[in-house]
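Subject: Structure handover

Hello,

I am passing this structure on to you, as agreed. Please look through it before reading the notes underneath.

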Amino acid sequence: MSRSFLYSLATLAPLLAAPAQAQYTWSGSLGASAVMAPDYLGSDDYKARVLPDLNIKYGDLFYLNWRDGLGWNLIQQQSWSLSPFIGYHPGRDNTGDLSRFDQVDGGLTGGVRVSYQPGSWRYSLQAETPLTGDVDGYQLTARAGWREKVAPNLRASFGPSLVYSSKEWTQDMFGVSAADATRSGLSRYRPDQGYLRLGLSGSLNYRFAPDWSITGLAGITRLTGDAKDSPIVRQAGEATQALAGAVLSYHF
C-alpha cells in the first residue's frame with residue numbers, strides 16, 4: 001500500500017461524506033485504565049500502567065478510540081462499512097532487557113478498514129502503513145469479535161485476531177544491529193520475512209450507574225516466525241504474552 005494512495009483517500013473523504021454530516025450527534029465514553037502489560041512486544045517483563053481511555057463517536061460517521069484510531073466511515077451499506085483511518089504504532093522503548101538497544105520511535109499510521117457486522121459478531125480487515133516514526137513496511141490485521149448482553153447491565157465480549165507484519169516492519173521491531181549486539185551481548189539478527197501474531201481477548205462490562213461502567217479485560221498473544229526467532233524474544237523475552245486490566249468509564 002503506497003503512502004500517496006492513503007493521502008489521496010484522506011483528501012477525497014471529506015468531499016464524499018460531507019452531505020450527511022448535519023444529521024449526527026456526539027456520544028461515547030471517557031475514563032481511565034489500569035493495565036498490566038509487557039514492557040514491549042516480545043518481552044517477558046511486565047509493567048503496570050495507568051492510562052487515559054476514550055471512545056468517541058460522531059453518529060455513525062466518525063470514531064476515535066485507542067484500538068481503531070481516528071476513522072471515517074466513508075462508505076456504509078447495511079452491515080458493511082469502509083473506513084480510512086489514522087492509527088498509532090508504539091515502536092519499542094529501550095527499557096528492561098533492551099536498555100542498551102537503540103530506541104524504535106513510534107508514530108502515526110494511515111490505513112483502510114473494512115468491517116462487517118451482521119449481528120452480535122463483528123468482522124474486520126485492515127491494512128496500514130507508517131506515516132511517521134522509525135518503522136517501515138505495512139501491517140495487515142484481521143479480527144472477529146462477539147459482543148452481547150448476558151445479564152442486566154452486564155455485557156461480555158471476546159474474539160480472536162491475526163496480525164501480519166511485513167518484512168520491513170519485522171526488521172525494524174525485531175532486528176538486532178551490530179551496534180545493538182555489541183552493547184547488549186545478544187546475537188546479531190536480521191529477519192528475512194514477515195511474521196504472524198495470533199491473539200485472543202475478552203472483556204466484561206458492568207454498568208453500575210446510568211452514566212458509569214467498569215470493564216475487566218484480558219488477552220493473550222503469540223509471536224511466530226522471524227519475530228519469535230529474534231534474540232529479542234528467544235534470548236531475552238517470551239513469544240507468548242498476556243495482558244490484563246480494568247477500565248473505569250463515564251458515558252455521555
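The notes below go from the whole chain to single strands and residues.

Please keep in mind that this is a predicted model.

The chain as a whole

The chain contains five helices and 13 strands. Its radius of gyration is 19 Å, close to the 18 Å that the globule rule gives for 252 residues, so the chain is as compact as a globular protein of that length. The C-alpha trace spans about 60 × 45 × 25 Å along its principal axes.

Of the 252 residues in the chain, 38% are buried. The chain exposes about 13600 Å², and carbon and sulfur atoms supply 58% of that area. Among contacts with a separation of 6 or more, 58% are between residues 24 or more positions apart. As for charge, the chain has 22 positive and 22 negative charges, and their mean positions are 5 Å apart.

Strands β2, β3, β4 and β6

These four strands can be followed from one pairing to the next. Strand β2 covers residues 46-58 and pairs with β3 in the antiparallel sense over four bridges. One bridge can be named here: I56 has L64 in β3 as its partner. The two strands form a hairpin with three residues between them. In that turn, G59 has a positive phi of about 60 degrees.

Strand β3 (residues 62-65) then pairs with strand β4 (residues 69-72), again antiparallel and over four bridges. A hairpin through three residues joins β3 to β4. Two pairs of facing residues can be looked up in the model. N65 has G69 in β4 as its bridge partner, and L64 stands opposite L70 in β4. L64 therefore turns up in both pairings of β3, with I56 as a bridge partner and L70 standing opposite.Which side chains of β3 are buried and which are not? The side chains alternate along the strand: Y63 and N65 point to one face and are buried, while F62 and L64 point to the other and are not.

From β4 the pairing goes on to strand β6, which covers residues 80-89. β4 and β6 run antiparallel and are joined by two bridges. L70 stands opposite I86 in β6.

S81, Q117 and T182

Three residues were looked at one by one. S81 lies in strand β6. With 16% relative accessibility, S81 counts as buried, because the cut-off for buried is under 20%. Apart from neighbours within four places in sequence, S81 is in contact with N73, I75, Q76, R113, V114 and S115.

Q117 is in the loop between β7 (107-116) and β8 (121-130). Its relative accessibility is 41%, so Q117 counts as partly exposed. When neighbours within four places in sequence are left aside, Q117 is in contact with S79 and R122. Q117 and S79 are 38 residues apart in sequence, while their C-alpha atoms are 5.2 Å apart in space.

T182 has its place in helix α3 (residues 178-184). At 69% relative accessibility, T182 counts as exposed. T182 and R100 are 82 residues apart in sequence and 9.2 Å apart in space, C-alpha to C-alpha.

Positive phi outside glycine

Two loop residues belong under this heading. Q78 is found in the loop between β5 (75-77) and β6. Q78 is not a glycine, although its phi is positive, at about 55 degrees. Is Q78 buried or exposed? Q78 counts as exposed, with 86% relative accessibility.

N153 sits in the loop between β9 (139-151) and β10 (154-165). Phi of N153 is near 65 degrees, which is a positive value in a residue other than glycine. With 43% relative accessibility, N153 counts as partly exposed.

A place to start

If you open the model with these notes at hand, L64 and L70 are one place to begin. L64 is the bridge partner of I56, L70 stands opposite L64, and I86 in β6 stands opposite L70. After that, Q117 and S79 can be looked up, with their C-alpha atoms 5.2 Å apart.

Best regards

Definitions and conventions. Residues numbered from 1 in each chain as written. Predicted model: local features only at pLDDT ≥ 70, side-chain atom pairs only at ≥ 80, totals over all residues. Heavy atoms only, no water. Pairing = 2+ DSSP bridges. Rg over C-alpha atoms; globule rule 2.2 N^0.38 Å. Buried < 20%, exposed > 50% of the residue type's maximum accessible area, 1.4 Å probe, protein only. Contact = heavy atoms within 4.5 Å. Areas by Shrake-Rupley, 256 points an atom, 1.4 Å probe, with all protein chains shown as cover. Lys, Arg positive; Asp, Glu negative; His and termini not counted. Charge placed at Lys NZ, Arg CZ, Asp CG, Glu CD.
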